[in-house]
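Here are some notes to go with the structure, for anyone opening it fresh. Have a look at it before reading on.

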Amino acid sequence: MVTKNQIKRIKSLHQKKYRKEYQMFIAEGLKVIHELLQSSFVLEHIYVTKEMDFGVPEHQLTVVSEEDLKKMSALTTTPNCLAVFHCLENQTVDFSDWVVALDDIRDPGNLGTIIRLCDWFGIRHILCSTETVDLYNPKVIQATMGSVSRVNLVYAELQAVLATVEAPVYGTFLGGDNIYEMKAVQPGVIVMGNEANGISAEIEQLVSRKITIPRFGNLQQTESLNVAMATSIVLSEFRRSVFNEQ
């Protein structure tokens, strides 16, 4: 049985200030929960609408009504299971290999997709500006489809950190070098900018090489790519470039 106060507390985790206060977040759906259970995230509790085997102690699993789970859920279509996990402690970024830096990404779906892309392309570290959407936003967690358990994401003052990085800093701009014409690229930091405004002027000053994804359409009227789409192309090309030189 779940109490009204428990439901209220879980629902409060939809908001960043309460996630920060309680240092907990929610994850929904079988795949995401299973992925997190196999990671370094620590489980608080799982709520299900029917008996399900998650391999956790009985005291951490509660069967609730569909109506109660719907009250806890942050999703439009409520799944049959929801879990509460503890947030991870702050970690550090390893700049010895590729790092993706996000300059003010605001859309939860974009951040979640970028995390999933980094997992696919073997990028283990993401550096985010403090203005970037919260990692533990329920929509971000859902969009990662479990990849959040394998990618280290750190929030910091992006300008201050990049100013100290010795590795090359690549930035995506409309007027940069054609990414398809680039030769082997040295591992470094790949900066992706805000959905509406791109990379900020302050961060642009720290970019050592500007790159662009050229348009091939006859009309050439599309202003820009979605940031998650652009990230997938950039990571694919950079990985291919490095692979071809091996």
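The points below go through the cysteines, a sheet, a loop residue and the nonpolar cores.

1. Keep in mind that this is a predicted model. Everything that follows is computed from it.

2. Let's start with the cysteines. How many disulfides does a search of the whole structure find? Zero. As a reminder, a disulfide is a covalent bond between the sulfur atoms of two cysteines. Take C81: the closest cysteine sulfur, in C87, is 19 Å from its own, which is too far for a bond. C128 is in no disulfide either, with the nearest cysteine sulfur, in C118, lying 9.3 Å away. The cut-off for a disulfide is 2.5 Å between the sulfurs.

3. Are C81 and C128 buried or exposed? C81 has 0% relative accessibility, so it counts as buried. C128 also comes out at 0% and is therefore buried.

4. Next, the sheet. Four strands make an open sheet, running in the order β1-β4-β2-β3, with mixed pairing. The edges belong to β1 (24-28) and β3 (61-63); each has a single partner strand, so one side of each has no neighbour in the sheet. From one strand to the next, the twist averages 20 degrees.

5. For a closer view of one pairing, go to β2 (residues 42-48), which pairs with β3 in the parallel sense over three bridges. Here Y47 has T62 of β3 as its bridge partner. What packs on this sheet? That is helix α3 (residues 30-37), which touches β1, β2 and β4 (81-86). The direction of α3 makes about 30 degrees with that of β4.

6. A loop residue to find: A196 sits between β9 (189-192) and α8 (201-204). With 70% relative accessibility, A196 counts as exposed, because the threshold for that is over 50%. The C-alpha atoms of A196 and V227 are 9.4 Å apart, though 31 residues separate the two along the chain.

7. Now the cores. In soluble globular proteins, nonpolar side chains tend to be buried together. Here the largest nonpolar core has 50 residues, and the members touching the most others are F85, L102, I126 and F238. Helix α9 (residues 227-244) gives this core its largest share, six residues.

8. F238 deserves a look of its own. Leaving aside residues up to four places away in sequence, F238 touches W98, Y170, I179, M182, V185, I190 and I211. There is also a second, separate core of 17 residues, with V99, L158, I199 and V207 among them.

Definitions and conventions: Residues are numbered from 1 along each chain as its sequence is written. This is a predicted model: local features need pLDDT of at least 70, side-chain atom pairs count only at pLDDT 80 or more; totals for chains, interfaces and linings use all residues. Side-chain values use heavy atoms; hydrogens and water are left out. Buried means under 20% relative accessible area, exposed over 50%, partly exposed in between (1.4 Å probe, protein chains only). Two strands pair if DSSP finds at least two bridges between them. Helices (H or I, at least four residues) and strands (E, at least two) are DSSP runs, numbered from the N terminus. Axes are lines fitted to C-alpha atoms, for helices over the stretch in contact, and angles run from 0 to 180 degrees between N-to-C directions. Contact means heavy atoms within 4.5 Å. A nonpolar core is a set of buried Ala, Val, Leu, Ile, Met, Phe, Trp, Tyr and Cys residues joined through side-chain atoms within 4.5 Å.
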